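Please take the following structure step by step, beginning where its two chains meet and then turning to the fold inside one of them.

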There are 2 protein chains.
Amino acid sequence: VTSETEFIAALRGLAADPAARGLLDDAAVLELGGPTLVLTHDMIVEGVHFLPGDPPGDVAWKLVAVNLSDLAAKGARPVGALLGYSLAGDDEWDRAFVAGLKTALHDFGLALLGGDTVALPPGAPRMLGMTALGTAPGAVPSRAGALPGDHLWVTGTLGDAGAGLRALRGTLAGGEALVERYRNPRPRLEAGQRLVWLISAMMDVSDGLLIDASRMAAASGVLLSIDLSLAPLSEEYRRAVGDDLEARLAAATAGDDYELLFSASAGNGAGILALADEIGVPMSRIGAVEAGEGLRLDDAGTPVPLPDSLGWEHGRSKS
Amino acid sequence: VTSETEFIAALRGLAADPAARGLLDDAAVLELGGPTLVLTHDMIVEGVHFLPGDPPGDVAWKLVAVNLSDLAAKGARPVGALLGYSLAGDDEWDRAFVAGLKTALHDFGLALLGGDTVALPPGAPRMLGMTALGTAPGAVPSRAGALPGDHLWVTGTLGDAGAGLRALRGTLAGGEALVERYRNPRPRLEAGQRLVWLISAMMDVSDGLLIDASRMAAASGVLLSIDLSLAPLSEEYRRAVGDDLEARLAAATAGDDYELLFSASAGNGAGILALADEIGVPMSRIGAVEAGEGLRLDDAGTPVPLPDSLGWEHGRSKS
């Protein structure tokens, strides 16, 4: 038990309102009359969630994208955002950030509603926060709805951003497209909105497939069985990292994917594949939901022990 | 023009949605059907907005209070909050923060809805953010409604928190009650909710009466004339600082008051005083709204030049 886990548990004790979903979901879901509100807040810290050398415009994009990924996971339509910005005394950086923010707001049709700007003490790392607000058409998927017999699915490909980060750090050769996936994640907003009617549980994959799947398993009170041979890998990933079991395990434990993980009844498989085809977002069946608890891994039928680290546990705890 | 001012101006260019109120108000006001939503986000940084030695429970209280003060200024009823928390590796501090947060949430009837917890790099100052969401009964006062002929009012007393900070820093003798005002500000929620029907413009006083009044003057396109002899001072403030013109100017330029500044038509004066009496919150008429722009100061009729600093311009820009 880390002190971070303890802290989150203590916060959870304060979050009795049903809208908080026990701080166990991607977002808060609030019914005040009118449309259902979906609210999420994410922070990113220089040196932890982004690199000091990352282009400021990409940092802005990422801040928006990680928040919208939470809305996507709840099938919500983005409405607006509040920005918490820290000035570190570098005007050029700030200008480039605003330019990137403008692009992201425009691309996602997101209104900048307000926020706060603070000056940092000299030498302090930048710390940026965003609150995003969206509306949902009705029922809002939670992490807790997976049922034994359901299938487990994931959108897109896994591990690209993690490999991109390794490329940036110089521990992996090549991988320009992978770096792009790290710097410019694309939240699966349309997929999330369209999937709402087909799924039983949904969340975004931000800290790594395995750790996020373990959170869905815990929230739903089920066992998730994942066949690593079905983990979707991009061409670029295969080229740069490979596609053996080790490469698949790396992809399944890397963070920053911002794909959607969801469970759905077996009968909805055809509908999901048709949707994937219609909107041009790959959706791959990677496992099954069973009675029990936790995760079970195999590689095309051969049991695989759980790795020591299931993903990125430190530095970020979504609540 | 500071780089911070430039940055805010650049952000303003991105905030075209009417709900953003041009980033010139205390909060965003959003109509999505159902009740009117009021949203605000504030950040506080260790060493800038609170002292490293401040009790963590008081820091939690302050984070909640500064956000709720923005809701109070819009006459909104608090609904819930999202917390952005940074772990600096001191479990005891974190536990005390949670205890203080619990007290504040309970006292204000505020639901903790969600948020994000991040780990800081070693040595980085704590940086805490909160987004508060409230609902408003209907019309939401802005800073822009003051009309020539209106009177200018303020709740409570001014300068106490600023004097408390000086006491904490050892540059002012005595002042325990003043330190309490610095550490445990009380947002004027009931006053704000009840005043909505009586006022023409309203905002909270967070950076200092004069600088905040100058913002109201700019937003409303009027001149605000303030008689410093009418600035309400507490007994404790008079004892510790005095009540000559210098003391009044200090009170009018100190930050962290979290009182409400509002304009109202002359005919509503009796109603305002009756409300003040009913809810036990002092409300003092301190000046008048005139055609023109900016601020004009006097001391019981004797003109007073504007001081070089109208308040706390750096370290925080609300938008």
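In this predicted model, chain B and chain A bury about 5100 Å² between them, and 75% of that area lies on carbon and sulfur atoms. The contact involves 65 residues of chain B and 65 residues of chain A. Of the area that chain B buries against chain A, 13% is supplied by B:Phe7, B:Leu14 and B:Leu113, more than by any other three residues. Charged pairs also occur here, since the rule finds 2 salt bridges across the interface of chain B and chain A; in one salt bridge, the side chain of B:Arg95 meets that of A:Glu6 at 3.7 Å, N to O.

Within chain A, an open sheet of 7 strands with mixed pairing follows the order β7-β9-β6-β10-β8-β11-β12. The edges are taken by β7 (201-205) and β12 (302-304) of chain A, and because each has a single partner strand, one side of each is left without a neighbour in the sheet. Neighbouring strands are turned against each other by 30 degrees on average, direction ignored. Further in, β8 (residues 223-227) and β10 (residues 283-290) of chain A run antiparallel and are joined by 4 bridges, with A:Glu290 in β10(A) as the bridge partner of A:Leu223.

Helix α2 (residues 56-73) of chain A packs on this sheet, where it touches β7 and β9 (259-264) of chain A, and its direction makes about 165 degrees with that of β7(A). Of the 18 residues of α2(A), 18 are buried. At 1.5 Å a residue, α2(A) should span 26 Å, which agrees with the 26 Å between its end C-alpha atoms. Just after α2(A), A:Gly75 takes a positive phi of about 65 degrees.

Key. Residues numbered from 1 in each chain as written. Chains lettered and ligands numbered in written order. Predicted model: local features only at pLDDT ≥ 70, side-chain atom pairs only at ≥ 80, totals over all residues. Heavy atoms only, no water. Pairing = 2+ DSSP bridges. Helix = DSSP H or I, 4+ residues; strand = E, 2+ residues; numbered from the N terminus. Axes fitted to C-alpha atoms, helices over the stretch in contact; angles between N-to-C directions. Contact = heavy atoms within 4.5 Å. Expected span 1.5 Å × (residues − 1). Buried < 20%, exposed > 50% of the residue type's maximum accessible area, 1.4 Å probe, protein only. Buried area = accessible area lost by both parts, 1.4 Å probe. Salt bridge = Lys/Arg side-chain N within 4 Å of Asp/Glu carboxyl O.
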